[in-house]
Amino acid sequence: MADGQRHTVKLSGVPETLLWNLYQRAYEARHSRPVLEDPKAVELVDRIDYPFEETFGRPHALLAQGHALRVRTFDTVVRAFLAEHPEGTVVTLAEGLETQFWRVDNGRARWLCVELPETAEVRRSLLPDGERRRVLARSALDPSWRDEVDASRGVLITAQGLLMYLQPPQVRELIAGCAERFGGGALVFDAVPRYFSSLTMRGKIRTSQGYCPPPMPWGLDARDLPRVRTAHPAITDVRQVPLPRGRGLFHGAPAAVLHRLPGARILLPPMTALARFS
């Protein structure tokens, strides 16, 4: 792509949500004191020819910061994995235009991005494959992607913004398949609360511009985390990844109290959890 040329992106349904995620990260990254440094996200928003504001509305500052804080939970887990397995493999399932590689890569690990064909094409055009990073055009539900993973030096699988769009049996099968295939590895994933899942299934979540996100059939509350272990005997531990402290009243020090108030939960980011395999 020539310098200065804008790239047209046309997606719909669940794949289009990758643009919402990117938009929120870039908005927070432009803040004078961002909770997530993400210059690559800003660069991508500036390069993409897409009606972000017309489709999603202006980003809500609290929502964008919450989204960025949730992204940081994934970064924290990946950094810890790379510290222990510097030449390991990070498998990202349906990460869309996530720019985590540019935030946390250690210069030695391998990265495999598993994407649906339409999103794989978008990602490759904007973020071309590199020597240690490549995109595999395949559904995360197609177990054949596991054959492409070199797990000899450790493997971490990320499922950011994916599982909530799957049916509950599909989620269980995906987690079980990862546990069975990648002994000694781990899966970090996020989940929306059950109440939020219910709202999306009834079409009750809309932006100021009328954008309605796709239904999210799978919801998970923190109290339900132990049930994830029942998906496969090789799952040895499942725990929530703490959300880092952010800026201001809502995401700062008083957040634990404010988050209990009626109506406040709608602005909370999805829960992030880490499942370890034996």
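Where does A94 lie? In this predicted model, A94 sits in the loop between β3 (89-93) and α5 (100-104). Its phi is positive, about 55°, although A94 is not a glycine. Is A94 buried or exposed? Neither label fits: A94 counts as partly exposed, at 26% relative accessibility.

**A second alanine**

A64 belongs to helix α4 (residues 61-84). A64 has a relative accessible area of 0%. The cut-off for buried is under 20%, so A64 is buried. Leaving out residues up to four places away in sequence, A64 touches Q24, Y27 and E28. Y23 is 41 residues from A64 in sequence, yet the two C-alpha atoms are 8.6 Å apart in space.

**Two helices that cross**

The residues that A64 touches lead to helix α1. Q24, Y27 and E28 are among the α1 residues in the contact with α4. How do α1 and α4 meet? The axes of α1 (residues 13-29) and α4 come within 8 Å and cross at roughly 100°. Angles of 65 to 115 degrees count as roughly perpendicular, so α1 and α4 are roughly perpendicular to each other. From α1, the contact uses W20, N21, Q24, R25, Y27 and E28. From α4, it uses A61, L63, A64, Q65, H67, A68 and V71. By class, this contact has seven nonpolar, four polar and two charged residues.

**The sheet**

Which strands form the open sheet, and in what order? Seven strands do, in the order β5-β4-β3-β6-β7-β9-β8. The pairing is mixed. Strands of a sheet pair through backbone hydrogen bonds, either parallel or antiparallel. At the edges lie β5 (133-137) and β8 (235-240), each pairing on one side only. From one strand to the next, the twist averages 20°.

One pair of strands shows the detail. Strands β6 (residues 155-159) and β7 (residues 186-191) run parallel and are joined by four bridges. I157 has L187 in β7 as its bridge partner.

**Helices on the sheet**

Helix α4 returns here, because besides meeting α1 at roughly perpendicular axes, α4 packs on the sheet. There α4 touches β3, β4 (110-115), β6, β7 and β9 (271-277). Helix α6 (residues 117-126) lies across β4 and β5. The table gives the direction of each helix against one strand.

| Helix | Strand | Angle |
|---|---|---|
| α4 | β6 | about 170° |
| α6 | β5 | about 155° |

Terms used:
Residues numbered from 1 in each chain as written. Predicted model: local features only at pLDDT ≥ 70, side-chain atom pairs only at ≥ 80, totals over all residues. Heavy atoms only, no water. Buried < 20%, exposed > 50% of the residue type's maximum accessible area, 1.4 Å probe, protein only. Contact = heavy atoms within 4.5 Å. Axes fitted to C-alpha atoms, helices over the stretch in contact; angles between N-to-C directions. Parallel < 35°, antiparallel > 145°, perpendicular 65-115°, else oblique. Nonpolar A, V, L, I, M, F, W, Y, C, P; charged D, E, K, R; others polar. Pairing = 2+ DSSP bridges.
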